[in-house]
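Hi,

Here is the structure I promised to send over. Have a look at it first, and my notes follow underneath.

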Amino acid sequence: MQHDVIIACDFKSAEDTFRFLDLFKDEPRKPFLKIGMELYYAEGPSIVKEIKRRGHKIFLDLKLHDIPNTVKKAMSVLRNLDVDMTNVHAAGTIDMMKAALEGLTREDGTRPLLIAVTQLTSTSEERMQQELLIGASINDTIVKYAQNTKAAGLDGVVCSPLEAGMVKEACGSGFMTITPGVRFADGDVGDQVRVTTPARAREIGSDFIVVGRPITAADDPVAAYRRCVKEFLNE
Ligand code: C5P
């Protein structure tokens with residue numbers, strides 16, 4: 001099983017992103033990076049290509065959710081970008097996830113890792129039940145969505161680190177968990193609610209942690225990245 005720290009590059013432009021990445025130019029370990037909607041919609045495929053050219057692995061976090069045929073076609077475009085990981089919403093159903101997997105698989109059978117978002121951490125149990133009329137508990141929906149993701153043949157899910165153990169128990173240790181909501185023990189929590197430290201996330205069962213502001217907003221981002229790697233990978 002792979003394990004790594006993924007830095008969330010939540011920047012608004014290519015310029016800001018490259019200013020940040022330049023800090024790492026002498027770093028022997030090239031950080032794995034997450035590119036989300038803001039940066040991708042602002043800069044398009046060229047930002048992905050340039051970051052790949054610099055030797056970084058990329059998690060393209062676009063959270064696709066549409067009818068199966070549309071998702072399949074979108075994924076067959078994204079597969080040419082040569083990213084290492086991308087994602088969909090598990091709420092799109094098993095059929096949609098299977099279609100995504102088909103679209104993402106290249107003619108030679110290779111493909112990036114494909115993971116699914118279960119319940120967004122911004123969705124509370126109350127909203128899910130009152131607004132979306134989903135009667136189950138939030139933990140039951142997370143486990144069910146993870147099981148659906150596994151049934152569709154995907155590699156894992158994005159979830160809170162506090163939910164990683166529950167997902168592993170339901171889907172097996174080989175099913176990947178990618179977890180945002182990580183903070184240093186002595187750091188700012190910011191707007192995240194259910195957080196834990198890199199070391200604890202690893203203990204609970206996270207395979208990849210996604211860390212944004214504790215690294216990007218640190219006085220010394222390279223030192224913060226090294227600390228995160230040390231705590232999570234024990235290196
Ligand atoms: O800055 P911070 O470490 O909170 O960044 C976490 C990253 O993970 C952000 O890019 C955020 O959008 C993303 N994320 C999250 N919670 C989810 C899904 C994604 O925080 N449930």
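First, something to find in the viewer: in which loop is the place of serine 124? Serine 124 sits in the loop that runs between β5 (113–117) and α6 (125–130). Keep in mind that this is a predicted model, and every value below is computed from it. Serine 124 counts as partly exposed, because its relative accessibility is 31%. If you want a landmark, asparagine 148 is 24 residues away from serine 124 in sequence, and the two C-alpha atoms are 21 Å apart in space.

Now for a contrast. Threonine 179 belongs to strand β7 (residues 176–179). Is threonine 179 buried or exposed? Threonine 179 has a relative accessible area of 0%, so it is buried. Leaving out residues up to four places away in sequence, threonine 179 touches Cys159, Ser160, Pro161, Ala164, Ser206, Phe208, Ile209 and Val210. One of these partners, isoleucine 209, is 30 residues from threonine 179 in sequence, yet their C-alpha atoms are 4.8 Å apart.

On to the interior. In soluble globular proteins, nonpolar side chains tend to be buried together. The largest nonpolar core here has 59 residues, and the members touching the most other members are Val5, Val48, Leu60, Met75, Val88 and Ile215. Helix α11 (residues 221–233) supplies the largest share of this core, with seven residues. Another core lies apart from it and has 13 residues, including Ile6, Phe59, Met85 and Phe208. You will remember Phe208 from the contacts of threonine 179.

Isoleucine 215 is worth clicking on in the big core. Not counting neighbours within four places in sequence, isoleucine 215 is in contact with Val5, Ile7, Phe20, Pro221, Ala224, Tyr225 and Cys228.

Phe20 takes us to helix α1 (residues 14–22), where Ala14, Asp16, Thr17, Phe18, Phe20 and Leu21 are buried. What do the buried residues of α1 pack against? Their partners are the strands β1 (4–8) and β2 (32–36), together with the helices α2 (37–43), α3 (45–53), α10 (213–216) and α11.

I also went through three helix pairs.

α1 with α3: the axes are 11 Å apart and the packing angle is about 15°, so these two helices are roughly parallel to each other. The crossing of α1 past α3 is right-handed. Ala14, Thr17, Phe18 and Leu21 of α1 make the contact with Ile47, Glu50 and Ile51 of α3. By class, that gives five nonpolar residues, one polar and one charged. There is a spacing to look for in α1: an α-helix has 3.6 residues a turn, so residues three or four places apart point the same way.

α4 with α5: helix α4 (68–78) and helix α5 (94–104) have their axes 7 Å apart, at an angle of about 25°. That angle makes α4 roughly parallel to α5, and their crossing is right-handed. On the α4 side the contact uses Pro68, Val71, Lys72, Met75 and Ser76, and these meet Asp95, Met96, Ala99, Ala100, Glu102, Gly103 and Leu104 in α5. The residues of this contact divide into seven nonpolar, two polar and three charged. Met75 is also one of the best-connected members of the largest core, being among those that touch the most other members.

α7 with α8: how do the axes of these two helices cross? Helix α7 (residues 138–151) and helix α8 (residues 164–171) cross at roughly 45°, with axes that come within 10 Å, and the pair is therefore oblique. Here too α7 passes α8 in a right-handed crossing. Asn139, Ile142, Val143, Ala146, Gln147 and Lys150 of α7 meet Met166, Val167, Ala170 and Cys171 of α8. This contact has seven nonpolar, two polar and one charged residues.

Last, two backbone spots. Aspartate 82, in the loop between α4 and β4 (85–89), has a positive phi near 65° although it is not a glycine. Aspartate 82 is partly exposed, at 43% relative accessibility. Threonine 93, in the loop between β4 and α5, has a phi near 90°, again positive in a residue other than glycine. Threonine 93 is partly exposed as well, at 42%.

Cheers

Notes: Residues numbered from 1 in each chain as written. Predicted model: local features only at pLDDT ≥ 70, side-chain atom pairs only at ≥ 80, totals over all residues. Heavy atoms only, no water. Core = buried A, V, L, I, M, F, W, Y, C linked by side-chain atoms within 4.5 Å. Buried < 20%, exposed > 50% of the residue type's maximum accessible area, 1.4 Å probe, protein only. Helix = DSSP H or I, 4+ residues; strand = E, 2+ residues; numbered from the N terminus. Contact = heavy atoms within 4.5 Å. Axes fitted to C-alpha atoms, helices over the stretch in contact; angles between N-to-C directions. Parallel < 35°, antiparallel > 145°, perpendicular 65-115°, else oblique. Left-handed = near helix turned anticlockwise from the far one by under 90°. Nonpolar A, V, L, I, M, F, W, Y, C, P; charged D, E, K, R; others polar.
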